[in-house]
Amino acid sequence: MQYGICNLSIVPLRFEPRDPSEMVSQLLYGEHFKVLEKRKKWSKIRLAFDSYEGWIDNKQYIEITEEQYNNFDQQELYLSADLIEFISCDQDQLMPIPLGSSLGALDFFKHQYEGHKIIPKQPKEELIETAFMYLNTPYLWGGKTNFGIDCSGFTQMVYKLNGYKLLRDASQQATQGDPLSFIEESEPGDLAFFDNEEGAIIHVGIMMNDNYIIHAHGKVRVDRLDHTGIYNSEKRTHTHNLRVIKRII
């Protein structure tokens, strides 16, 4: 088994080993992983944080040993807390890193970071404040940053920044936590899941007070939620069909 770590700001994780392939997720600075298969240009990897798999370009990571992988795995997770911050790398060059980047490998990289850090865990009440850091971020399939994010990337990053682990896709996140019987039972920070006509989970958002929800749809936005689903007041229609609300924390 081989191992690696992301030494760049944001690296696309692709469905297939080719540049035009769908981006299914992203690696942020400092995330480490197992290499499941290595080809001439591409590597299939499994992320340590959420076990998500995909293909990345061999030029966009560096190899580490099993011992180093295990050391990173055992470290307390601490993350960058600014929307965008810079690290000083080789020859005092600057490299931007996005909110939620992992900082446990700074010494390994010999990089310097002087920005704010988050050391989870935070109280559940902090989830909504963190969620608003992504407000108006444009929707991007597979995205995990303030420059573009998808619905489950948004919920995963908000929870991660507060010290809680969610799986990557909405359908995977829907397997976590305990279901609630009524909307009225929900608390800020609970997750609401939505399905399509076939019953497949296709969307997720974070519950707020007074039956409001913050979610990524076109952009990270706030909408009303009722027993039918998400009501978009601009379009004057329901955009998503409510399946279940779950309490993760």
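**Reasoning from values to terms**

Trainee: Why does Lys110 count as exposed?

Mentor: Lys110 has a relative accessibility of 68%, and the term exposed applies over 50%; Lys110 therefore counts as exposed. Please bear in mind that this is a predicted model.

Trainee: Where does Lys110 lie, and what is noted about its phi?

Mentor: Lys110 is placed in the loop between H2 and S11. Its phi is near 65°, a positive value in a residue other than glycine. Most residues other than glycine have a negative phi, so a positive value deserves a remark.

Trainee: What is the phi of Arg236, and where is this residue placed?

Mentor: Arg236 is not a glycine, yet its phi is positive, at about 55°. The residue sits in the loop between strand S20 (229–232) and strand S21 (237–247). These two strands form a hairpin with four residues between them.

Trainee: Is Arg236 buried or exposed, and why?

Mentor: The relative accessibility of Arg236 is 68%. Exposed requires a value over 50%, so Arg236 counts as exposed.

Trainee: How do you know that S20 and S21 are paired, and in which sense?

Mentor: Pairing requires at least two bridges, and S20 and S21 have four, in the antiparallel sense. One example is Gly229, whose bridge partner in S21 is Asn241.

Trainee: Which further strands pair with S21?

Mentor: Strand S16 (residues 191–195) is joined to S21 by five bridges, and the two run antiparallel. Asp195 stands opposite Asn241 in S21. Strand S15 (residues 178–179) also pairs with S21 in the antiparallel sense, over two bridges; here Pro179 has Lys246 as its bridge partner. With a requirement of at least two bridges, the two between S15 and S21 suffice.

Trainee: What makes S10 and S11 edge strands?

Mentor: Strand S10 (94–98) and strand S11 (112–113) each pair on one side only. They belong to an open sheet of three strands in the order S10-S9-S11, with antiparallel pairing. Strand S9 (residues 84–88) and S11 pair over two bridges, and Ile87 has Tyr113 as its bridge partner in S11.

Trainee: Why is the pair of Tyr29 and Phe109 called tilted?

Mentor: The definition admits seven aromatic pairs in this model. In the pair of Tyr29 and Phe109, the ring centres are 5.4 Å apart and the planes stand at 45°. The distance satisfies the limit of 6.5 Å, and the angle is neither under 30 degrees nor over 60, so the pair is tilted.

Trainee: Which parts of the chain does this pair link?

Mentor: Tyr29 is in the loop between strand S3 (23–28) and strand S4 (32–38), whereas Phe109 is in helix H2 (residues 106–109), and the two are 80 residues apart. Both Tyr29 and Phe109 are buried. Ring pairs also link Tyr29, Phe72, Phe108 and Phe109 into a cluster.

Trainee: What makes the pair of Tyr134 and Phe154 edge-to-face?

Mentor: The angle between the planes is 80°, with 5.9 Å centre to centre. Planes over 60 degrees apart count as edge-to-face, so the term applies to Tyr134 and Phe154. Tyr134 lies in the loop between helix H3 (126–131) and strand S13 (144–145) and Phe154 in helix H4 (residues 151–161), so the pair ties together parts 20 residues apart in sequence.

Trainee: Why are Tyr134 and Phe154 called buried?

Mentor: Tyr134 has 0% relative accessibility, and Phe154 has a relative accessible area of 0%. Buried means under 20%, so the term holds for both residues.

Trainee: How do you know that H4 is mostly covered?

Mentor: Eleven of the eleven residues of H4 are buried, including Cys151, Met157, Val158 and Leu161. Gly163 follows H4 and has a positive phi, near 95°.

Trainee: Why is Leu83 called partly exposed?

Mentor: Its relative accessible area is 44%, while exposed needs over 50% and buried under 20%; Leu83 is therefore partly exposed. Leu83 is found in the loop between strand S8 (79–80) and S9. Together with Ile10, Ile84, Met133 and Phe147, Leu83 makes a nonpolar surface patch of about 430 Å².

Trainee: Which residues lie over the faces of Phe49 and Tyr212?

Mentor: Lys165 lies over the face of Phe49, 5.2 Å from the ring centre, and Arg224 over the face of Tyr212, at 4.4 Å. The distance limit is 6 Å, and both values satisfy this limit.

Key
Residues numbered from 1 in each chain as written. Predicted model: local features only at pLDDT ≥ 70, side-chain atom pairs only at ≥ 80, totals over all residues. Heavy atoms only, no water. Phe/Tyr/Trp six-rings, centres within 6.5 Å; stacked < 30°, edge-to-face > 60°. Buried < 20%, exposed > 50% of the residue type's maximum accessible area, 1.4 Å probe, protein only. Lys NZ or Arg CZ within 6 Å of the ring centre and 35° of its normal. Patch = residues over 30% accessible without salt bridge, like charges linked within 9 Å, V, L, I, M, F, W, Y side chains within 5 Å. Areas by Shrake-Rupley, 256 points an atom, 1.4 Å probe, with all protein chains shown as cover. Salt bridge = Lys/Arg side-chain N within 4 Å of Asp/Glu carboxyl O.
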